[in-house]
Amino acid sequence: MSILTVDTKPFTDQKPGTSGLRKRTAAFMVENYVENFVQSIFDSLDGFKGKTLVIGGDGRYFNDVAIQKIIRIAAANGFGTVLVGQNGLLSTPGASHVIRHHNAFGGIILSASHNPGGPDGDFGIKYNVSNGGPAPEKITDAVFARTKEIDRYLTIDAPDVDLASIGTHHSGPMVVEVIDPVTDYAALMAELFDFERIRAMFANGFTMRFDAMHAVTGPYAKRILEEQLGAPEGTVINGTPLPDFGGGHPDPNLVHAKDLYDLMMSADAPDFGAASDGDGDRNLIIGKGRFVTPSDSLAILAANASYAPGYSEGIAGIARSMPTSAAADRVAEKLGVGMYETPTGWKFFGNLLDAGKVTICGEESAGTGSNHVREKDGLWAVLLWLNVLAAREQSVDAIVRDHWATYGRNYYTRHDYEEVDLEVANELMDALRESLAGLQGQMQHGHEIVLADDFTYNDPVDGSTSAKQGVRIGFADGSRIVFRLSGTGTVGATLRVYLERYEPPHGQHDLDTQAALADLITIADALAEIRSRTGRDTPSVIT
């Protein structure tokens, strides 16, 4: 094999965000764009010669082309083996498990998560380390630094690998194992959950609808829910992964999964509804007549995890991202376990999981997971819900109401202002930060401000510090407003405003969420001057 050294020039826009590098698909299709970024990853790593690399993605447009490029670059750089999902498919949590299960050096995941796909959609590449989790900031910072000075990449002259054919192939001297993307993951789920009990629940007439949104979770859900657990054929809809997700937006929220929501609120609703996103790491949970917020879902799953065999001895602790509601905090307090508040981004949970400080983690953006992998896991959350439903023999609505009666309810919403001009968004946040010093003690619409800061996280495991992770405004009654700019979009900036109000166990639990938070919504606009600065009268998405 002859290694080819190809001259190149740096791109100026290859800074990874909270979940790798995401851009419009067209940006990745520019000559050398993929090659530069992947070579910069390898140039920032040590000790991988002869080791195993996992590669896979969510099946979106350009995945197949990018995977072949990465295989050749990996061969030229000295990897010994590549494990790649059949047809290039691996869900993000599935890839995390494959990395861990096969003791791989790391993995490259090709996805833009919940963002649209296709030639006019989005694309992404991220690197995961040997624990199966996203690369920490010290690695992504090194990758970005390398992208700014790279002048060559390595590749080999070799034909494409037949990714449709499971088995052993070669790219130059490097072994390429094409694996069934579902097998290892399904085996892990069977260890964690009481499949026999869930199977009996379906046999007794339990009904469900799972919307895979024409994304990567389809094959996983078909195999596990229908083939292994006995859910009737047709339980999984939109189960074939498509390069453009069938023209849809694979984000399992009440906007893009409205058909599922409407079904679950109808007289003909099945017992349980769920969905997952583009790369399979997010989830949507809806019972008959009851939508479960991601923050409530995290709290309820943590409170009931011991019903599942994999968590029967209890949990070590809970972690949540800072903008996620404090519902899980009350569960941790009652269980007598640790509660950790981290910045947004699953990579911040990795140290806590590796150190055994927490078992279950979650984010308000529909991500929930545990120590079984180092990524959030949409299908895992669905299966844990099914295990709880089978064990408690109650409806989703009854379980939610019981939870509120025990712990109280955190009314919670997120308002997203998408594709805001980046300069405008940064000016808004800068002005808000400058105002923080004078806010404490102020009264706003009858609410006294007792906290006004820019969240800084000090990692209790490695001592690292992450600053400017979101502006927090706290009130004397426990209510909260959080402002932050999202790092998962590809155009402009997304301003996210999180609003939360606590209602105790004996309080009112059936108020309309937006009505219950009306005062906080008004305060948020006044403090950040959202309308005047952005020109937006309403959010793009309300979750």
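# A guided tour of the predicted model

Strand E13 contributes three residues to the lining of the second largest cavity, the most of any element. The structure on display is a predicted model, and the tour begins at this cavity.

**First stop: the second largest cavity.** Select E13, residues 283–287. Then add strand E14 and helix H10, which, like E13, give two or more residues to the lining of the second largest cavity. The space in this cavity amounts to about 160 Å³. Its lining comprises 17 residues, and those nearest the centre are Pro252, Asn253, Pro294, Ala366 and Thr543. Colouring the lining by class will show eight nonpolar, five polar and four charged residues. In total, the model holds four cavities of 30 Å³ or more.

**Second stop: the second largest pocket.** Keep E14 (290–292) and H10 (294–304) selected, and add strand E19 (409–420) and helix H16 (513–516); each of these four elements supplies at least two residues of the lining of the second largest pocket. The volume of this pocket is about 540 Å³. To find its centre, select Leu254, Phe291, Thr293, Arg409 and Thr513, the closest to that point among the 25 lining residues. Which element gives the most to this lining? It is E19, with four residues. By class, the lining of the pocket holds ten nonpolar, eight polar and seven charged residues.

**Third stop: the sheet that contains E19.** Select E19 again and display the strands around it. E19 belongs to an open sheet of seven strands with antiparallel pairing, in the order E20-E21-E24-E25-E26-E19-E27. Strand E20 (443–444) and strand E27 (541–542) form the edges; each has a single partner strand, so one side of each lacks a neighbour in the sheet. Next, add strand E26, residues 493–503, which runs antiparallel to E19 and is joined to it by ten bridges. For one such pair, select Thr413 and its bridge partner in E26, Leu499. In general, the strands of a sheet pair through backbone hydrogen bonds.

**Fourth stop: helix H13.** Select residues 378–392, the 15 residues of H13. Why does the length of H13 agree with expectation? At 1.5 Å a residue, the helix should span 21 Å, and its end C-alpha atoms are indeed 21 Å apart. H13 is mostly covered, with 14 of its 15 residues buried. At the N-terminal end, display the side chain of Asp377, which caps the helix: one of its side-chain oxygens lies 3.4 Å from the backbone nitrogen of Leu379. Then move to Glu393, just after H13, where phi is positive, at about 55°.

**Last stop: two loop residues.** Select Thr235, in the loop between helix H8 (217–228) and strand E11 (236–237). Is Thr235 buried or exposed? Its relative accessible area is 4%, which is under the 20% limit, so Thr235 counts as buried. A polar atom of the Thr235 side chain lies 2.6 Å from the backbone oxygen of Pro232.

Finally, pass E11 and select Gly239, in the loop between E11 and helix H9 (258–264). Gly239 is also buried, with a relative accessible area of 19%. Add Pro219 to the selection: it stands 20 residues from Gly239 along the chain, and the C-alpha atoms of the two are separated by 6.6 Å.

Key. Residues are numbered from 1 along each chain as its sequence is written. This is a predicted model: local features need pLDDT of at least 70, side-chain atom pairs count only at pLDDT 80 or more; totals for chains, interfaces and linings use all residues. Side-chain values use heavy atoms; hydrogens and water are left out. On a 1 Å grid over the protein atoms alone, a cavity is a set of points where a 1.4 Å probe fits but cannot get out, and a pocket is an open set with protein on both sides within 12 Å along at least five of seven lines; lining residues have an atom within 4 Å of a point. Grid points are joined across faces, edges and corners, and a volume is the space filled by probe spheres set on the points. Ala, Val, Leu, Ile, Met, Phe, Trp, Tyr, Cys and Pro count as nonpolar, Asp, Glu, Lys and Arg as charged, and the others, Gly among them, as polar. The expected span of a helix is 1.5 Å times one less than its number of residues. Buried means under 20% relative accessible area, exposed over 50%, partly exposed in between (1.4 Å probe, protein chains only). A polar contact is a pair of N or O atoms within 3.5 Å; within protein, one must be able to donate a hydrogen and the other to accept it, and residues adjacent in sequence count only if both atoms are side-chain atoms. Two strands pair if DSSP finds at least two bridges between them.
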